[in-house]
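Colleague: I am new to this structure and should be grateful for a close look at a single part. Would you please take me through the metal site?

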Amino acid sequence: MILNGIQLTWLGHASFRIETPAGKTIYVDPWVMGNPMCPEREKTVAKADALFCTHGHQDHIGDAVAITRQHQPVIVGIYELCAWLQKKGAEQISPMNKGGTQTVAGVKVTMVHADHSCGILDGNEIVYGGEAVGYVMEFENGVKIYHAGDTNVFGDMAIIRDLYAPEIVMLPIGDLFTMSPREAAYACKLLTPKFVIPMHFGTFPPLTGRPDELQKLAPKVKVIEMTPGVTIS
Ligand code: NI
Ligand code: MN
């Protein structure tokens, strides 16, 4: 692909481990231990410099608390989610909100909109977790990756293209809780990336969308079907 020194590993669902060209380890939506698609050897986290959390649902921050207690990474998330993780023991929170940009672990990270919900299941209660978001990550080598989080397609993806022009986009395609390939194909029309990495499918039987359906509906982009645990660079 065009990763130029970035090591990218899909852990299944919306979870990615990214090694930056400078050797920092970032987890986007850390859900490994309970994630049925995550390979056994990835269920132990050896190093984490930063966690980028898109929203508070269990299938996205399922292991954020455990990883935080073990490695104290910098937590990037919307304000309310960071405050919740701080209560759970996070010592290095770096909260932000939509439209904001900050540099964490050498990555220029911009928080963007997502069309989804964001309650956090805390014991038997659902607490307010702010809003669901996506991230545009610009690495030291200039490569820009957009992780859309959980979302439906929305017209302002055109603004994300105009302002940040990410070459690589990670889009949910599973259906039911997020977009299906139909909406994701429309998202590709708005975002015009070079490469699309489908995510949030196949984890459970109801998440029925598949990468080949997206490729058929969006013939102009290259759909990269990753295998959980296999690193691309
Ligand atoms: Ni969700
Ligand atoms: Mn989800």
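Modeller: Donors are N, O and S atoms within 2.8 Å of the metal (3.2 Å for Na, K and Ca), and sites may look incomplete because water is not among the atoms. This is a predicted model, in which local features need pLDDT of at least 70 and side-chain atom pairs count only at pLDDT 80 or more, whereas totals for chains, interfaces and linings use all residues. Residues are numbered from 1 along each chain as its sequence is written, chains are lettered from A and ligands numbered from 1 in the order in which they are written, and side-chain values use heavy atoms, with hydrogens and water left out.

Along the chain, the donors of the manganese ion (ligand 2) follow the spacing D-H-x89-D-x49-H. These protein donors are D59 (OD), H60 (NE2), D150 (OD) and H200 (NE2), which lie 2.1 to 2.2 Å from the manganese ion. A nickel ion (ligand 1) is 3.2 Å from the manganese ion (ligand 2), and D150 coordinates both. H60 and D150 link distant parts of the chain, being 90 residues apart: H60 is in helix α1 (residues 58-61), and D150 is in the loop between β11 (144-147) and α4 (157-164). Here helices (H or I, at least four residues) and strands (E, at least two) are DSSP runs, numbered from the N terminus.

The accessibility of these two residues completes the picture. Buried means under 20% relative accessible area, exposed over 50%, and partly exposed in between (1.4 Å probe, protein chains only). H60 counts as buried because its relative accessibility is 0%; D150 also counts as buried, because its relative accessibility is 2%.
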